[in-house]
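Here is a short tour of one protein model, written for someone who likes to check geometry against coordinates. Please keep the viewer open while you read.

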Amino acid sequence: MKLSNLYTTDLHADGAELEILDGEDKPTGLFITVMGVDSQVFRDHAKRQQKAYIEALRSKKDFDDEDMSIDGMVAATISWRGTSEQFSPELCRELYTKAPYVKDQIDRFIADRANFTKAKPKKS
């Protein structure tokens, strides 16, 4: 086996697509492509979030983890399809803020590494 067979950063950076379900768990036809937790983009954001949290603790300031969490999800969002509205980080932030059930689906999807790894053919 080659060690490179275990690498996941590129797979996570390439992204994966999920279909958003509505509040009743029915398909909406909106598909969002996001990067996974092993992508450099997501890992860099996690480092910034941790530093901001530590700085807030040290200076005894409030830390808005919800806002920081949305920042990370927006940074990890690559594109969408199934809507006439063109993807932009601003519109993405609005979606994740005003539709928390969408944000929750994105959060769970990004965290599940299996969504970003592709099955490799087994050797006989």
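## Overall make-up

The protein chain has five helices and three strands, where helices (H or I, at least four residues) and strands (E, at least two) are DSSP runs numbered from the N terminus. Read from the N terminus on, the elements come in the order α-β-β-α-α-β-α-α. The C-alpha trace spans about 60 × 40 × 25 Å along its principal axes.

This is a predicted model, so local features need pLDDT of at least 70 and side-chain atom pairs count only at pLDDT 80 or more, while totals for chains, interfaces and linings use all residues. Residues are numbered from 1 along each chain as its sequence is written, and side-chain values use heavy atoms, with hydrogens and water left out.

Of the 124 residues of the protein chain, 28% count as buried; buried means under 20% relative accessible area, exposed over 50%, and partly exposed in between (1.4 Å probe, protein chains only). Among contacts (heavy atoms within 4.5 Å) between residues at least 6 apart in sequence, 57% join residues at least 24 apart.

## The sheet

The three strands form an open sheet with the order 1-2-3 and antiparallel pairing; two strands pair if DSSP finds at least two bridges between them. Strand 1 and strand 3 (77-81) are the edge strands, each pairing on one side only. From one strand to the next, the twist averages 30 degrees.

Five bridges link strand 1 to strand 2 (residues 27-34) in the antiparallel sense. Within this pair, A16 stands opposite V34, and E19 stands opposite F31. On the other side, four bridges join strand 2 to strand 3, again running antiparallel, and here T33 has S79 as its bridge partner.

## Two faces of strand 1

Which side chains of strand 1 (residues 16-21) are buried, and which are not? The side chains alternate: A16, L18 and I20 point to one face and are buried, whereas E17, E19 and L21 point to the other and are not.

E19 is a good residue to click on in strand 1. With a relative accessible area of 30%, E19 is partly exposed. Leaving out residues up to four places away in sequence, E19 touches P27, T28, G29, L30, F31 and Q105. E19 and Q105 are 86 residues apart in sequence, yet their C-alpha atoms are 9.3 Å apart in space.

## T33 in strand 2

Is T33, which sits in strand 2, buried or exposed? T33 is buried, with a relative accessible area of 15%. Not counting residues up to four places away in sequence, T33 touches G15, A16, E17, A76, T77, I78 and S79.

## The hairpin and D25

Five residues lie between the strands in the hairpin of strand 1 and strand 2. D25 is located in this loop, and has a positive phi of about 60 degrees although it is not a glycine. As background, most residues other than glycine have a negative phi. D25 counts as exposed because its relative accessibility is 60%.

## Helices against the sheet

Helix 4 packs on the sheet and touches strand 2 and strand 3, with its direction at about 80 degrees to that of strand 3. Axes here are lines fitted to C-alpha atoms, for helices over the stretch in contact, and angles run from 0 to 180 degrees between N-to-C directions. Helix 5 (residues 100-111) lies across strand 1 and strand 2, running at about 150 degrees to strand 1.

## Helix 3 meets helix 4

How do the axes of helix 3 (residues 65-76) and helix 4 (residues 89-98) cross? They come within 10 Å and cross at roughly 130 degrees. Helix 3 and helix 4 are therefore oblique to each other (under 35 degrees counts as roughly parallel, over 145 as roughly antiparallel, 65 to 115 as roughly perpendicular and the rest as oblique).

The contact is made by D67, I70, D71, M73 and V74 of helix 3 together with P89, C92, R93, Y96 and T97 of helix 4. By class, this contact has six nonpolar, one polar and three charged residues. Ala, Val, Leu, Ile, Met, Phe, Trp, Tyr, Cys and Pro count as nonpolar, Asp, Glu, Lys and Arg as charged, and the others, Gly among them, as polar.
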